[in-house]
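Let's take a look at a sheet, a helix that packs on it, and the enclosed spaces in this protein. Have the structure open in your viewer as you read.

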Amino acid sequence: MSAGQPVLVVGGGPVGLMAALLLARWRVPTVILEAKPTRELVGSKSICVQRDVLDIYHRVGVAEALMREGVTWQVGRTFYREHELFTITFPDPGRSAYPGFINIGQSSVERELESAVAKQPLVDLRYAHTVTAVSQDGTGVRVRAQTPTGIVEVTGTHLVAADGSHSAVRDRLRLDFEGHSFADLFLIADIRTDLPFGAERRFYFDPEWNPGRQVLAHPQPDSVWRIDWQVPEGFDLAADQASGRLDERIRRIVGDASYEIVWVSLYRFQQRMASRMRVGRVLLAGDAAHLMAPFGARGLNSGVQDAENAAWKIAFDRAGWAGTELLASYQHERAAAARENLRVTGDTMRFLVPQSDAEWAWRREVLECAVSDPDARAQVNSGKLAEPYWYLDSPLTTGSPLQDFPTGPGQPRPPVAGVLCPDAPVSIPAEPSITRLRELFGTGLTVLGHAITPTVDIEAPTRQYRLDLIDHDGLAAEALRAAPGWCAVVRPDGHLAAVLHDPDADSLRAALDRARGCSA
């Protein structure tokens with residue numbers, strides 16, 4: 001099968017659409033097979049988009065539309081009963097083009113992505129294609145799908161499985177999807193109303209209007225609020241609506257204000273992960289690879305990061321720029337990210353939904369102490385918010401991991417090899433459309449030098465810049481801790497692959513080769 005064949009993407013949700021659009025940046029054609037006969041733009045579903053993920057949306061041309069529609073929030077408040085325990089903020093650091101988070105419903109994200117796909121001739125989106133068989137060999141992948149007019153067979157060089165928690169591809173590959181479900185349910189509603197507080201996240205432990213459980217409120221565009229109530233197993237939504245109890249729940253939050261229910265649903269949250277995220281030329285992404293509780297917004301954000309990681313590696317593999325370890329590194333890197341996200345969200349869910357009497361007692365003690373004890377507040381867990389993972393021990397990373405690297409949720413990461421490169425303003429006379437550091441990335445490997453100009457030719461697209469010549473404000477050098485003789489190799493997804501000091505041509509070439517999966 002030739003490299004002129006498309007890449008197959010199974011699943012036309014946001015992760016699948018992103019994978020196709022990111023591959024199109026590499027001039028790689030894709031065919032998206034979506035089982036549903038049409039797109040259903042209903043409900044908020046995933047709503048929090050993290051700053052670094054907005055950068056990925058920017059690469060496919062939709063970030064600005066999402067920013068215009070979305071709600072920026074920089075304050076999160078956590079309450080225990082009538083007490084406000086603490087407030088978190090996401091101030092603008094002055095370097096990123098985007099705020100810490102915006103809130104926008106998944107339906108809006110999908111609408112913008114599908115609009116971008118419609119304008120992209122390299123993407124062929126096919127609805128009503130239900131996958132029934134998957135096979136592969138050393139040259140490509142073949143998929144059989146049921147359509148309204150019969151069985152069709154589609155071939156491609158690689159396959160990205162982004163077909164959700166009930167993934168047909170994962171089932172056809174006979175991969176386990178181990179984990180567990182939580183007994184408690186979550187009632188989720190989008191409610192259009194005016195609330196007496198600004199655009200901020202509010203998390204309530206044990207409020208009098210949902211005793212023993214939690215309520216979470218998030219702002220959305222058009223005066224819509226996303227409200228999540230934790231409810232007991234066996235909760236009957238239809239009975240709650242018919243009896244008027246749902247109205248009572250809502251009234252406890254909105255008071256006498258008028259309101260409109262835009263969407264309401266019931267969810268049981270799960271923590272699961274596929275036994276493999278890569279099988280040969282098939283890469284699993286998003287909910288097909290991992291399911292996690294939404295507190296912390298780590299689901300779709302990590303799925304988009306899966307798509308970006310997969311896209312550039314597939315593009316390199318097709319073009320002959322990759323070594324034997326590049327495609328395999330998808331499993332290493334994104335499985336590690338999934339395990340970390342599951343660890344963090346698992347800790348949150350054990351605090352929200354204790355699984356034993358001892359855990360319930362500990363939670364009550366922590367919350368009671370947190371009212372007056374600042375030290376106890378650090379143990380209150382209402383969700384550790386999404387952030388990019390670090391690939392310190394990746395086979396693509398040059399150098400030994402730091403022994404004291406900070407791995408706690410939300411801790412600042414030093415600019416070492418494996419970490420996502422920070423952003424900062426830059427000015428390049430020859431490329432006036434590039435105004436910030438991260439706009440240099442996404443279409444090849446990038447070499448950044450500080451007061452050095454190493455030149456190396458490799459069999460992959462590579463661009464080289466002198467930081468001291470483009471960083472007129474000094475913010476990039478400060479963020480990267482760069483000094484004369486400093487040099488870095490940056491991957492297409494913006495992660496630092498190597499941080500070197502006074503490298504010669506051989507050491508720089510070795511780092512570039514390693515970054516594309518060629519053994520050192």
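What follows goes from the sheet to the cavities. Keep in mind that this is a predicted model.

**The sheet and its helix**

Start with the open sheet, which has 6 strands and mixed pairing. Reading across, the order is β8-β2-β1-β12-β21-β20. At the edges sit β8 (123–126) and β20 (278–279), each of which pairs on one side only.

How do β12 and β21 run relative to each other, parallel or antiparallel? Strand β12 (residues 159–161) and strand β21 (residues 282–284) run parallel, with 3 bridges joining them. If you want a spot to zoom in on, try Val-160, whose bridge partner in β21 is Leu-283.

Now bring in helix α1 (residues 14–25). The helix lies across β1 (7–10), β2 (30–33), β8 and β12. Against β2, α1 runs at about 175°. One of the strands α1 lies across, β8, is also an edge strand of the sheet.

**The cavities**

Rolling a probe the size of a water molecule over the atoms shows where empty space is left. Searching the whole structure that way turns up 6 cavities of 30 Å³ or more. Here are the top two by volume:

| Cavity | Volume | Nonpolar lining | Polar lining | Charged lining |
|---|---|---|---|---|
| Largest | about 150 Å³ | 4 residues | 4 residues | 6 residues |
| Second largest | about 70 Å³ | 5 residues | 1 residue | 4 residues |

Which residues lie nearest the centre of the largest cavity? They are Ile-56, Glu-308, Leu-420, Asp-493 and His-495, out of a lining of 14 residues. Both α2 (51–59) and α8 (299–319) supply at least two residues of that lining. The largest share comes from α2, with 4 residues.

The second largest cavity brings α1 back into the story: α1 and α8 each supply at least two residues of its lining. Which helix gives the most here? That would be α8, with 3 residues. Among the lining residues are Leu-22, Arg-25, Trp-26, Arg-59, Ala-311 and Trp-312. Gly-442 and Pro-492 belong to this lining too.

Two names turn up in both places. Glu-308 and Asp-493 lie among the residues nearest the centre of the largest cavity, and both also line the second largest one. Helix α8 likewise contributes at least two residues to the largest cavity's lining and at least two to the second largest cavity's lining.

How values were computed. Residues numbered from 1 in each chain as written. Predicted model: local features only at pLDDT ≥ 70, side-chain atom pairs only at ≥ 80, totals over all residues. Heavy atoms only, no water. Pairing = 2+ DSSP bridges. Contact = heavy atoms within 4.5 Å. Axes fitted to C-alpha atoms, helices over the stretch in contact; angles between N-to-C directions. 1 Å grid on protein atoms, 1.4 Å probe; cavity = no way out; pocket = protein on both sides within 12 Å on 5 of 7 lines; lining within 4 Å. Points joined across faces, edges and corners; volume = space filled by probe spheres on them. Nonpolar A, V, L, I, M, F, W, Y, C, P; charged D, E, K, R; others polar.
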